[in-house]
Amino acid sequence: MDFEYSDSQREIRAAVAALCARFGNEYWRACDEKNAYPDEFVKTLSEAGWLSALIPQEYGGAGLGMLEASIILEEINRSGGNAVACHAQMYTMASILKHGSADQKQRYLPRIASGELRLQSFGITEPDAGSETPRIKTFARRQGDQYVVNGQKIFTSRYQHSDMLLLLTRTTPFDQVKKKTDGMSLFLVNLKESGDAIKAVPIATMVNHGTNQLFIDNLVLPREALIGEEGKGFSYVLSSLNAERILVGSESIGDGRWFVEYSVKYSNERRVFNRPIGMNQGVQFPIAKAHVAVQAADLMRLKAAALFDAGLPCGAEANMTKYMASEAAWEAGEAAMNALGGYGFAKEYHVERKWREARLYRTAPISNNLILSFVGEHLLGMPRSY
Ligand SMILES: Cc1cc2nc3c(=O)[nH]c(=O)nc-3n(C[C@H](O)[C@H](O)[C@H](O)COP(=O)(O)OP(=O)(O)OC[C@H]3O[C@@H](n4cnc5c(N)ncnc54)[C@H](O)[C@@H]3O)c2cc1C
């Protein structure tokens, strides 16, 4: 068992950290305050090739593994940034690489790798289905060699900053399938060709996320937009979801590290009652406890990423990574808010922004309750809780 990062993994970490250092806390604060997409950062990251980490070299990508991709996103969040603006391209990639046709890969991957096309949007969640994905109602009806899609999605993020949308629909109604996860299909939608069939209505949220409600009205898709076989979309999405959980967990590890490093520095410097506040166990121990939790989440992330890269089942580890990391980041955020006292609420100290951003990952992309029910049922053999 080897817990050491390789030289090239260390180099990736250092190079991404150096790039991120050009976009400091003030850059991210300004984007947050203006609710603006961090265009310059995403452009710089794409040009440096980091966003195409998971695209094989034959298609112009870096051909790196999940662990390397997770280090890239971790470093963005550790620098004070927010990888949410561009992380989807990495995790949506798994569905296309594993299940896309040779034609889809040839047509899109080189252009995604070069930064010409952005695949940043992933539409699964629907208002009436919520966490119960098989209840989605957006329907793709086959007509000759085309599909016509109608329905609604909610919380579809980065739609306005993406050229492509990975869209999950039903192709057989819920009440006509034997297994409830059957009868769903996954499409790679070229938004430049979708005309005005998709209406996106932005949802104002407490984070700078660019998320939307989508109203899909007679969207016509060519048969070639279908990924893999009709009706098997849910299983294809699972390949992306494991990647998503490892990558989002890594962002939370980065958040946790940012909070711990920031609050250690602050509480060693801030003097009250004629001593650094970090001398008080009430300040020091929550930070130390959060550090322990972040380190533990990191170990689970290493295992999940190693299994993913070896092509082995990693659903349990990917879910546990996302759970442990998001809870650890939240714990670290609370410790930082506590350490900063009133200054934690002042925007110029950046902690309140990171605290809002870190909170999201306890709810999305899957709520931590659902992960606990997965662990109870599938890992521990307890009764299904719903
Ligand atoms: C900022 C933001 C961005 C997002 N971006 C995207 C995106 O790009 N694409 C996309 O498809 N989705 C996106 N989402 C949606 C996100 O994945 C969902 O919000 C999340 O999966 C929870 O679904 P829901 O909001 O419908 O909650 P619900 O399913 O309504 O659940 C509400 C609460 O009830 C709990 N609950 C429900 N059922 C159970 C149960 N059986 N056992 C225990 N607890 C239960 C949940 O844990 C949760 O706490 C985004 C969400 C947000 C807030």
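**A walk from strand S5 to the ligand and the domains**

Let's start with strand S5, residues 184-190, which is mostly covered: six of its seven residues are buried. Keep in mind as you look around that this is a predicted model.

What does S5 pair with? One partner is strand S4 (residues 164-170), which runs antiparallel to S5 and joins it over seven bridges. You can spot this pairing by finding Arg170, which stands opposite Met184 in S5. Strand S8, made of residues 226-227, also pairs with S5 in the antiparallel sense, here over two bridges. In that pairing, Leu186 has Ile227 of S8 as its bridge partner.

Now zoom out to the whole protein chain. The domain assignment splits it into domain 1 (7-113), domain 2 (120-231) and domain 3 (235-379). The centres of domain 1 and domain 2, taken over C-alpha atoms, sit 24 Å apart. Where these two touch, domain 1 brings 15 residues and domain 2 brings 14 residues. On the domain 1 side, helices H2 (25-34), H5 (88-99) and H6 (102-113) each give two or more residues, and H5 gives the most, with six. Sorted by class, that side has six nonpolar, seven polar and two charged residues.

Finally, head over to the ligand. Which domains build the shell around it? Domain 2 and domain 3 each give at least three residues. Strand S1 (119-123), strand S3 (146-157) and helix H11 (368-379) each supply at least two. Of the 24 residues around the ligand, the nearest are Gly130, Ser131, Ser367, Asn369 and Tyr386. The shell holds 10 nonpolar and 14 polar residues, with no charged ones.

Conventions: Residues are numbered from 1 along each chain as its sequence is written. This is a predicted model: local features need pLDDT of at least 70, side-chain atom pairs count only at pLDDT 80 or more; totals for chains, interfaces and linings use all residues. A residue is buried if 20 or more other C-beta atoms lie within 10 Å of its own, exposed if 12 or fewer, and partly exposed in between; C-beta atoms are placed from the backbone. Helices (H or I, at least four residues) and strands (E, at least two) are DSSP runs, numbered from the N terminus. Two strands pair if DSSP finds at least two bridges between them. A residue is near a molecule or strand if its C-beta atom, placed from the backbone, lies within 6 Å of it. Ala, Val, Leu, Ile, Met, Phe, Trp, Tyr, Cys and Pro count as nonpolar, Asp, Glu, Lys and Arg as charged, and the others, Gly among them, as polar. Domain bounds come from an automatic or database domain assignment. Two residues are in contact if their C-beta atoms, placed from the backbone, lie within 7 Å.
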